[in-house]
Amino acid sequence: MSKLTIWLTPIWILAVGVTIGALILLLMWGVVWLVNRRAAHSIADAVSEGILRPISYVVMSMAALALLASPSMPYSQIIESLKRLPDVQPIIETVEVGPRKSDVEVPAAFRASELQSFTFTSDQDVAVNIAAKKGFQEPLLLVQGGEPYVWAPGVSKPRAFEGEVTTLYLTNESDSPAKVSIEMYTDVETPQVRAIPIAAASTVGIYLLYLVVRFLAPRTAVIAAATAKETVAQPLFTMLILVGVVMLVASVFIPYNTFGEDVKMLKTSGMTFIKVLAIIMALWTASTSVADEIEGRTALTVLSKPVGRRQFIIGKFLGIIWPIVLMFVILGIVFLLTVSFKVVYDARESSKTTPEWTECYLEVVRIVPGLVLAFLESVIMAAISVAVSTRLPMLPNLVICGSIFVLGHLAALIVKSAAGQIVFVRFVGKLLSVILPVLDHFEIEGAIAGATSVPLSYLGWALLYSALYSAAALLLALIFFEDRDLA
């Protein structure tokens with residue numbers, strides 16, 4: 001594989017997932033068109049007019065990459081592994097083999113090449129075969145009583161299994177029954193394909209979420225669409241995108257002098273940089289679209305129409321979130337590209353062996369949870385900024401939200417530090433942790449750079465925390481705005 005193919009393959013895999021998601025959306029739209037053409041035209045208008053339009057450009061770019069780069073990619077392996085995904089399931093069985101019993105059948109369908117590990121445990125000597133009438137004469141595996149037979153890549157014991165297996169045959173020649181426990185774990189030969197359905201589901205989810213809000217809350221969606229369109233049209237948005245792209249690309253070639261660990265520094269600095277740009281955009285937009293409209297009495301004009309104050313606030317919040325989503329999509333893809341390229345670039349600069357594409361993929365996939373957490377943190381700061389903007393103009397809003405951002409990261413550290421042993425300091429730290437968002441929960445750049453996997457449960461709890469705190473901030477915004485004199 002050429003060096004271009006090596007670092008581009010991880011992004012191509014994600015592009016395939018995005019393309020599949022786009023095809024699913026087109027299929028769903030086709031079904032709607034057959035059933036209700038008016039609804040289909042409304043969906044098309046929503047995609048072409050709102051924030052989904054630039055997102056669609058990104059999706060089309062990814063689809064073009066998936067199509068044009070396919071001839072030089074390992075597409076045959078990817079397709080075969082995708083077909084095998086539903087079939088790779090753990091095999092966990094407990095079987096009792098009677099005394100002097102031969103060829104007790106245990107259903108176990110797997111491919112030997114897909115085995116990741118297996119363990120056979122028995123309280124009696126047992127012979128394991130994949131064909132009948134072998135027994136102890138030609139045992140494939142011989143499991144000693146009380147001694148588990150454990151295999152995993154790199155261990156001294158042989159794997160023994162070859163080809164496709166459908167049934168295991170157990171033989172017990174002792175005078176006592178044998179209780180045999182079987183644990184076998186398999187995975188497709190190219191496990192990286194698991195990112196494809198995730199990318200497809202994410203693509204479908206973004207579009208469906210936008211359309212659900214548009215059709216279930218049309219007045220709120222109109223305000224959100226207008227705010228998002230105004231935000232994307234601002235020179236600041238374009239400038240932040242360009243600054244982000246330039247800095248991320250330049251970071252690849254900056255020497256960090258870390259003796260071969262430059263990619264870790266790139267991942268840490270890149271995630272922080274994208275998060276800061278998104279928060280700046282959120283604070284600026286909240287100030288201009290909420291505070292300035294209240295001060296300029298534009299909000300009074302909007303509320304004179306059949307639009308309630310709650311719809312106004314929630315619409316403004318969503319109108320801030322959608323451009324942040326677009327920013328994370330664009331800069332996130334650029335970031336993934338730079339990290340993947342950095343692995344190959346560092347190997348070349350250090351005169352090391354050219355890495356495999358799987359190494360680039362491993363570095364890329366580890367930073368995706370970090371981007372998700374950075375987005376959730378940006379959502380919290382956007383909600384807080386909207387609440388502050390209902391009462392204060394831009395400058396105080398920026399100062400207050402900037403202070404909350406700093407204290408939100410420091411509160412937990414203050415409690416844990418040596419200074420936290422002082423009663424007053426500990427009290428203040430705990431008070432800040434209760435009132436302010438604990439943004440330190442979203443700060444896992446160091447763990448991701450250190451090759452630590454982020455469990456899905458952690459992302460789930462972070463999503464719940466972000467949703468609850470954002471809801472509380474919006475409730476506070478509604479309370480502040482409810483009795484605000486707009487005249």
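**Notebook: charged side chains and salt bridges**

I started with Lys-342, which counts as buried at 1% relative accessibility. I'm working from a predicted model, so every value here is computed from that model.

**Lys-342 and its partner**

I looked for what pairs with Lys-342 and found a salt bridge to Asp-346, with the closest N and O atoms 3.4 Å apart. Asp-346 is buried as well, its relative accessible area being 12%. Both residues sit in helix α10 (residues 309-349), and because they are four residues apart there, about one helical turn separates them. I also noted a network elsewhere: salt bridges with shared partners join Glu-80, Arg-111 and Glu-164 into one.

**The whole structure**

How many salt bridges does a search of the whole structure find? I got twelve. My reminder to self: side chains of opposite charge can pair when their charged atoms come close.

**Arg-84**

Next I went to Arg-84, since it turns up in a salt bridge with Asp-87 and in another with Glu-114. For the Asp-87 pair I have 3.5 Å, N to O. For the Glu-114 pair I have 2.9 Å, N to O.

Where do Glu-114 and Arg-84 lie? I put Glu-114 in the loop between β2 (101-111) and β3 (115-122), and Arg-84 in helix α4 (residues 75-84). The two are 30 residues apart in sequence, so this pair ties together separate parts of the chain.

Then I checked burial for the three residues. Arg-84 is buried, with a relative accessible area of 12%. Glu-114 is buried too, at 2% relative accessibility. Asp-87 is partly exposed, and I wrote down 44% for its relative accessible area. The cut-off I used for buried is under 20%, so Arg-84 at 12% falls in that class and Asp-87 at 44% does not.

**Glu-363**

My last stop was Glu-363, which has its place in helix α11 (residues 357-389). Is Glu-363 buried or exposed? I found it buried, with a relative accessible area of 17%; that fits the under 20% cut-off.

What does the side chain of Glu-363 make a polar contact with? I traced that contact to the side chain of Lys-267, at 2.7 Å. I then listed what else touches Glu-363, leaving aside neighbours within four places in sequence. Lys-267 is on that list again, along with three valines: Val-263, Val-339 and Val-343.

Methods: Residues numbered from 1 in each chain as written. Predicted model: local features only at pLDDT ≥ 70, side-chain atom pairs only at ≥ 80, totals over all residues. Heavy atoms only, no water. Buried < 20%, exposed > 50% of the residue type's maximum accessible area, 1.4 Å probe, protein only. Polar contact = N/O pair within 3.5 Å; in protein donor to acceptor, adjacent residues only side chain to side chain. Contact = heavy atoms within 4.5 Å. Salt bridge = Lys/Arg side-chain N within 4 Å of Asp/Glu carboxyl O.
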